[in-house]
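Colleague: I'd like to go over this model with you, a few questions at a time. Could you put it on screen?

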Amino acid sequence: MSFFYSCKNKQQPINYASIDSLIVGKWKMVEYADGYVNVLDTLGFYKNGKADCPPETGKFTYHLIKPDLLIIYNKGFGEQHFKILKLSNDSLIKQLRRQRIYADSIDELVSGEIEKYIRVTNE
């Protein structure tokens, strides 16, 4: 009986490949905590680790640390660390947790606003 009990309570392994593939695509912001959503606010994540964050400018890359941390880098400017609250085929919900601005030597923990996105494309 204890054998069955221990098997039933094992956590299922996290499939990291599926998490990586879930984030790839273009995402459109649909909700921001203060209510204002700029129609241009989108995120694009690519298989090669590159990202784009219109209307922001710069060279962006990202790193997904499994299972719930996303870091977006703006080369030469800084980086933002987000807690992923939800990631599925059609939605991404994230919250800013830390930001680093290199030129100003800013490195601070924050409890940022929750941002909600819907998937626009899978590429």
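What follows is a short chat about one residue, a core and a pocket.

Modeller: Heads up, this is a predicted model, where local features need pLDDT of at least 70, side-chain atom pairs count only at pLDDT 80 or more, and totals for chains, interfaces and linings use all residues. Residues are numbered from 1 along each chain as its sequence is written, and side-chain values use heavy atoms, with hydrogens and water left out.

Colleague: Is Thr-42 buried or exposed?

Modeller: Thr-42 sits in strand S2 (residues 42-45), a strand being a DSSP run of E, at least two residues, numbered from the N terminus. Buried means under 20% relative accessible area, exposed over 50%, partly exposed in between (1.4 Å probe, protein chains only). Thr-42 has 12% relative accessibility, so it counts as buried.

Colleague: Which strand gives the most to the largest nonpolar core?

Modeller: That kind of core is a set of buried Ala, Val, Leu, Ile, Met, Phe, Trp, Tyr and Cys residues joined through side-chain atoms within 4.5 Å. This one has 18 residues, and Leu-43 and Phe-45 are among those touching the most other members. S1 (25-32) and S2 are among the strands that each supply at least two residues. With three residues, the top giver is S4.

Colleague: Which residues does Leu-43 contact, leaving aside neighbours within four places in sequence?

Modeller: Contact means heavy atoms within 4.5 Å. With those neighbours set aside, the partners of Leu-43 are Gly-25, Lys-26, Trp-27, Asp-52, Cys-53, Leu-92, Lys-94 and Tyr-117.

Note on methods: Helices (H or I, at least four residues) and strands (E, at least two) are DSSP runs, numbered from the N terminus.
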